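Subject: Structure handover

Hi,

Here is the structure I promised you. Please open it alongside this email; my notes on what turned up follow below.

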Amino acid sequence: MPVSADPPEIILLTTSSTCNLSFNRNQRSNMAHKPIAAGKSSFDLIDFTTFLSALDLDGEIVFMDVACGIGNYAIEIARQIRDRGTVHAFDLWEEGITKLRLKAGSLRLENIEATVCDVSKKIPLGDHSVDICLMATVLHDLVEDGTHASTMKEIIRVMKPAGKLAVVEFKRTPGPPGPPEKVRLSPVELDQVLLPFGFHRRQLLELGAVTYLSTFSR
């Protein structure tokens, strides 16, 4: 008889949720150009202690930061797992990857591998090699671009079967900061995006006034 999964941990968010998610948005196949949110980061909008606790970085870790930008998240994760893990950071924006490499070098963080690549086409890692995958305020852009499906397939390929997907998103409230409200994903909408790929929510945590974190497993 199959054993039921533990119920997800949920902390109530002060944000509205919309159950009717439509994927018929204008798709602009422009991932070959500068990414929509290049140069922007949500890192200063989160409670980093809550974020770290939810990731659970114990033991040896292979960590992947998808669409890392200038690498604020990647740098801090690399600090946490400096002697026992590797951070693979990917972005299509070459300038951001260059800045990340320079900062990692100045901090003598030798456990960051920063690479320019289009994650919607091919992630340059082997199958089932990643323990934790981070998508920090990027999934809404991929949905808007119509490239989220191909990206998720690549993420699934490189994640270990027991791996964790951590998604930071903006609450579905008017900005700024953050993208227009119409492209934001509420927690319910986020679940709807990821469920077809076999991901089930395990945690929902408020990270700040405008951001939240959902963690998923398959």
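The buried residues of helix α5 are covered by several elements, including β2 (61–66), β5 (130–136), α4 (139–145), β6 (159–170) and α6 (187–194). One caution before going on: this is a predicted model. Helix α5 itself spans residues 148–158, and 8 of its 11 residues are buried. Those are His148, Thr151, Met152, Glu154, Ile155, Ile156, Arg157 and Val158. Two of the buried residues in α5, Glu154 and Arg157, also belong to a salt-bridge network together with Asp127.

Overall layout

The chain has 6 helices and 8 strands. Along the sequence they run β-α-β-α-β-α-β-β-α-α-β-α-β-β. Of the 218 residues, 52% count as buried. The chain exposes about 10,600 Å², and 52% of that area comes from carbon and sulfur atoms. Contacts reach far along the sequence. Among those between residues at least 6 apart, 76% join residues at least 24 apart.

One piece of the fold to look at is the pair β3 and β4. These strands pair in the parallel sense over 5 bridges. Ala89 stands opposite Ala114 in β4. Between the two strands the chain passes through α3, and this β-α-β crossover is right-handed.

The cores

Which residues touch the most other members of the largest nonpolar core? They are Phe51, Phe63, Ile77, Ile112 and Val168, out of 33 residues in that core. The elements that give two or more residues to this core are α1 (48–55), β2, α2 (72–80), β3 (85–91), α3 (94–106), β4 (112–116), β5 and β6. Another core lies apart from this one. That second core has 30 residues, among them Val66, Met159, Phe197 and Tyr212. As background, nonpolar side chains tend to be buried together in soluble globular proteins.

Val168 is worth a click. Leaving out residues up to four places away in sequence, Val168 touches Ser42, Ile46, Phe51, Tyr73, Leu134, Met135, Ala136, Thr137, Leu207, Tyr212 and Leu213. Phe51 is thus in the list of Val168 contacts, and Phe51 is also among the residues touching the most other members of the largest core. Tyr212 is in that contact list too, yet Tyr212 is a member of the other core.

Salt bridges

A search of the whole structure finds 8 salt bridges. Three pairs are set out here.

Arg79 and Glu76: the closest N and O atoms are 3.1 Å apart. Both residues sit in helix α2, and because they are 3 residues apart, about one helical turn separates them. In general, an α-helix has 3.6 residues a turn, so residues three or four places apart point the same way. Arg79 counts as partly exposed, at 37% relative accessibility. Glu76 counts as buried, at 18%.

Lys160 and Asp131: the N to O distance is 3.0 Å. Lys160 lies in strand β6 and Asp131 in strand β5, so this bridge ties together parts 29 residues apart in sequence. Lys160 is partly exposed, at 32% relative accessibility. Asp131 has 19%, which puts it among the buried residues because the cut-off is under 20%.

Lys171 and Glu206: here the N to O distance is 2.9 Å. Lys171 is in the loop between β6 and α6, while Glu206 is in strand β7 (residues 200–206), so the bridge joins parts 35 residues apart in sequence. Is Lys171 buried or exposed? Lys171 is buried, with a relative accessible area of 1%. Glu206, by contrast, counts as partly exposed at 31%.

A proline in the loop

Pro179 also lies in the loop between β6 and α6. Pro179 counts as buried, at 16% relative accessibility. What is Pro179 in contact with, leaving aside its neighbours within four places in sequence? The contacts are His140, Phe170 and Arg184. His140 is 39 residues away from Pro179 along the chain, and their C-alpha atoms are separated by 9.0 Å.

Best wishes

Definitions and conventions:
Residues numbered from 1 in each chain as written. Predicted model: local features only at pLDDT ≥ 70, side-chain atom pairs only at ≥ 80, totals over all residues. Heavy atoms only, no water. Buried < 20%, exposed > 50% of the residue type's maximum accessible area, 1.4 Å probe, protein only. Helix = DSSP H or I, 4+ residues; strand = E, 2+ residues; numbered from the N terminus. Contact = heavy atoms within 4.5 Å. Core = buried A, V, L, I, M, F, W, Y, C linked by side-chain atoms within 4.5 Å. Areas by Shrake-Rupley, 256 points an atom, 1.4 Å probe, with all protein chains shown as cover. Pairing = 2+ DSSP bridges. Right-handed = clockwise from strand over helix to strand, strands pointing away. Salt bridge = Lys/Arg side-chain N within 4 Å of Asp/Glu carboxyl O.
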